[in-house]
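Q: I have a structure to go through before setting up calculations. Could we discuss its fold, its packing and its cysteines?

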Amino acid sequence: MKILVTTSDNYAFLLKPYCELFNRYWPGNEIVFLGFDKARIPQLPDNCSFRSLGVQSDFGRFWTDPLIPYIEEIEDEYFVVTVEDMMLTGPVDVNRVKILEDEIKYGEASKAILDTHLNIYSRPYKENIVQLNSKAPYRTTLHPCIWKKEYFKRYLKREYTAWDFEIKNMQESMSDGALIISLADDENLFKSANVYKKGVPFPRWNEKFPWGCDTEIKEEDKFLILQHVRDQGII
């Protein structure tokens with residue numbers, strides 16, 4: 001299963017720590033970074049590749065426009081979509097991921113959420129699996145998820161920012177009839193830290209979760225990320 005990670009020229013320096021943490025906590029995956037200026041991309045591990053979607057300035061602030069041609073051309077029927085500043089901070093249970101992947105591959109699910117932040121809006125579906133209620137907010141969340149290609153394409157509308165993708169698609173998604181699932185327990189599969197928020201790197205001491213997550217993040221992982229942020233002269 002491919003992991004598609006969207007990035008931008010401004011955050012390309014994060015790809016190096018992203019790869020190191022991802023391969024530490026969820027090894028054996030094919031990761032495809034989707035960005036713009038190849039010259040900004042650091043040397044990547046063998047399981048990671050970079051695909052330039054064009055010149056970033058040609059697309060302005062829109063997130064969907066450069067993605068549309070790429071998603072149209074790939075043959076994968078499903079994939080994970082996430083972003084470069086959501087970095088893994090704990091091991092991923094591959095057996096539990098497979099439960100969700102099989103529901104996408106062989107079952108009726110169109111999307112599987114890899115964390116449990118929307119489980120309060122869910123009801124039982126199968127053993128160990130819940131389904132998101134049809135009227136739940138943020139059915140088009142961009143938290144790390146497995147998407148069926150056709151379902152992702154449905155909401156990949158032109159001239160949408162990532163925020164637009166989540167918010168402007170919300171009403172339509174409440175009546176689309178799609179099955180969206182997650183695991184029933186409270187343990188996130190994809191334990192991650194939001195390194196950047198509105199252009200501000202962690203630690204953000206004025207927030208409830210300064211390190212961008214409500215779970216533990218190891219000191220060595222904080223240091224790994226911060227050294228790359230400091231190298232940019234940002235902090």
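Q: Which strands does helix H2 lie across, and at about what angle does it run to S1?
A: Please note that this is a predicted model. Helix H2, residues 64–73, lies across S1, S2, S3 and S4, and its direction is at about 165 degrees to S1.

Q: And which strands does H1 lie across?
A: Helix H1, residues 15–25, lies across S1 (2–6), S2, S3 and S4 (78–83). Relative to S2, H1 runs at about 160 degrees.

Q: How many strands form the sheet, and in what order?
A: The open sheet is formed by 9 strands, ordered S3-S2-S1-S4-S9-S6-S10-S8-S7, with mixed pairing. Its edge strands are S3 (48–52) and S7 (122–126), each of which pairs on one side only. From one strand to the next, the twist averages 30 degrees.

Q: Staying at the S3 edge, do S2 and S3 run parallel or antiparallel, and how many bridges join them?
A: They run parallel: strand S2, residues 30–35, is joined to S3 by 5 bridges. Glycine 35, for instance, has serine 52 in S3 as its bridge partner.

Q: Turning to packing, which residues touch the most other members of the largest nonpolar core?
A: Trp26 and Phe33 do, in a core of 48 residues. H1 gives the most to this core, namely 6 residues. Another core lies apart from it and has 27 residues, among them Trp63, Leu67, Leu156 and Phe165.

Q: What is phenylalanine 33 in contact with, leaving aside its neighbours within four places in sequence?
A: Its contacts are Val5, Leu15, Tyr18, Cys19, Leu44, Cys48, Ser49, Phe50 and Arg51.

Q: Two cysteines appear in that list. How many disulfides does the structure hold?
A: The structure holds 0 disulfides.

Q: Why is there no bond between cysteine 19 and cysteine 48?
A: The sulfur of cysteine 19 has its closest cysteine sulfur in cysteine 48, but there is no bond because the distance of 3.5 Å is too far. A disulfide requires the two sulfur atoms to be within 2.5 Å. Seen from the other side, the closest cysteine sulfur to that of cysteine 48 is in cysteine 19, again at 3.5 Å.

Q: Are these two cysteines buried or exposed?
A: Cysteine 19 counts as buried, because its relative accessibility is 2%. Cysteine 48 also counts as buried, with a relative accessibility of 9%.

Note on methods
Residues numbered from 1 in each chain as written. Predicted model: local features only at pLDDT ≥ 70, side-chain atom pairs only at ≥ 80, totals over all residues. Heavy atoms only, no water. Buried < 20%, exposed > 50% of the residue type's maximum accessible area, 1.4 Å probe, protein only. Pairing = 2+ DSSP bridges. Helix = DSSP H or I, 4+ residues; strand = E, 2+ residues; numbered from the N terminus. Axes fitted to C-alpha atoms, helices over the stretch in contact; angles between N-to-C directions. Contact = heavy atoms within 4.5 Å. Core = buried A, V, L, I, M, F, W, Y, C linked by side-chain atoms within 4.5 Å.
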